[in-house]
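Visitor: I should like to learn how the features of a protein model are to be read. May we take them one at a time, with the structure in view?

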Amino acid sequence: MDYVIEVHTERDDTEARAVASMEGLLGNYQGAGRAPRSANVQTKFPVATGLAIARALRSLETEIMEFVHEEIDRYTGDA
C-alpha cells in the first residue's frame, strides 16, 4: 500500500508557511509549519520555506502518532 504526502507552501515578505497532508490509515491527517523570513538574507535555497516544510512534516508525524497510539490503547484495552 502506498501513501502520498502532499506539501503546499506559501511565502510573503515576513514568513513562509507549509501545510502537509496525507490521506490514509482511516483518516485525513494534516500538519502545519511556519518560519520567519528575512529580506536581508538571500540564499539559493529558500531556508525559511525548508524550515516551514520540516515543521509541517513534524506536525503531521505527531498527528499520525497520536492516531496510532489511540488505536493501540483501544486494542489493548488501555483506553
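Visitor: What joins the side chains of Glu15 and Arg34?

Guide: A salt bridge is a side-chain nitrogen of Lys or Arg within 4 Å of a carboxyl oxygen of Asp or Glu. Here the side chains of Glu15 and Arg34 form one, with an N to O distance of 3.3 Å. Glu15 belongs to strand S2 (residues 15-24) and Arg34 to strand S3, so the bridge ties together parts 19 residues apart in sequence. Helices (H or I, at least four residues) and strands (E, at least two) are DSSP runs, numbered from the N terminus.

Visitor: On what basis should these values be read?

Guide: The model is predicted: local features need pLDDT of at least 70, side-chain atom pairs count only at pLDDT 80 or more, and totals for chains, interfaces and linings use all residues. Residues are numbered from 1 along each chain as its sequence is written, and side-chain values use heavy atoms, with hydrogens and water left out.

Visitor: How many salt bridges does the structure hold?

Guide: The structure holds 6. One of them pairs Arg17 with Glu10, where the closest N and O atoms are 3.7 Å apart. Another is formed by Glu71 and Arg74, at 2.3 Å from N to O. Glu71 and Arg74 are separated by about one helical turn, because they stand 3 residues apart in helix H1. Through shared partners, salt bridges also link Glu10, Asp12, Glu15, Arg17 and Arg34 into one network.

Visitor: Is Arg74 buried or exposed?

Guide: Buried means under 20% relative accessible area, exposed over 50%, and partly exposed in between (1.4 Å probe, protein chains only). The areas come from the Shrake-Rupley method, and for residues only the protein chains shown count as cover. Arg74 has a relative accessible area of 53% and is therefore exposed, while its partner Glu71, at 29%, is partly exposed. In the other pair, Arg17 is partly exposed at 21%, and Glu10 is partly exposed at 43%.

Visitor: Which residues does Tyr29 touch, leaving out those up to four places away in sequence?

Guide: Contact means heavy atoms within 4.5 Å. On that basis Tyr29 touches Ala20, Ser21, Met22, Gly24, Leu60, Glu63, Ile64 and Phe67. Tyr29 lies in strand S3 (residues 27-36) and is buried, with a relative accessible area of 8%.

Visitor: Where is Thr49 found, and what does it contact?

Guide: Thr49 is found in helix H1 and counts as buried at 11% relative accessibility. Apart from neighbours within four places in sequence, Thr49 is in contact with Thr9, Arg11 and Ala16. The C-alpha atoms of Tyr29 and Thr49 are separated by 21 Å, the two residues being 20 apart along the chain.

Visitor: Which residues gather in a patch of negative charge on the surface?

Guide: Patches are made of residues with over 30% relative accessible area and no salt bridge; like charges are joined within 9 Å, and nonpolar side chains (Val, Leu, Ile, Met, Phe, Trp, Tyr) within 5 Å. Lys and Arg count as positive and Asp and Glu as negative, with His and the chain ends not counted. The place of a charge is NZ of Lys, CZ of Arg, CG of Asp or CD of Glu. The negative patch here consists of Glu63, Glu66, Glu70, Asp73 and Asp78. Asp73 is in helix H1 (residues 47-76) and is partly exposed at 32%.

Visitor: Which residues make the nonpolar surface patch?

Guide: Met1, Tyr3, Leu25, Val68 and Ile72 make a nonpolar patch of about 500 Å². Met1 is in the segment before strand S1 (5-11) and counts as exposed at 85% relative accessibility.

Notes:
Areas by Shrake-Rupley, 256 points an atom, 1.4 Å probe, with all protein chains shown as cover.
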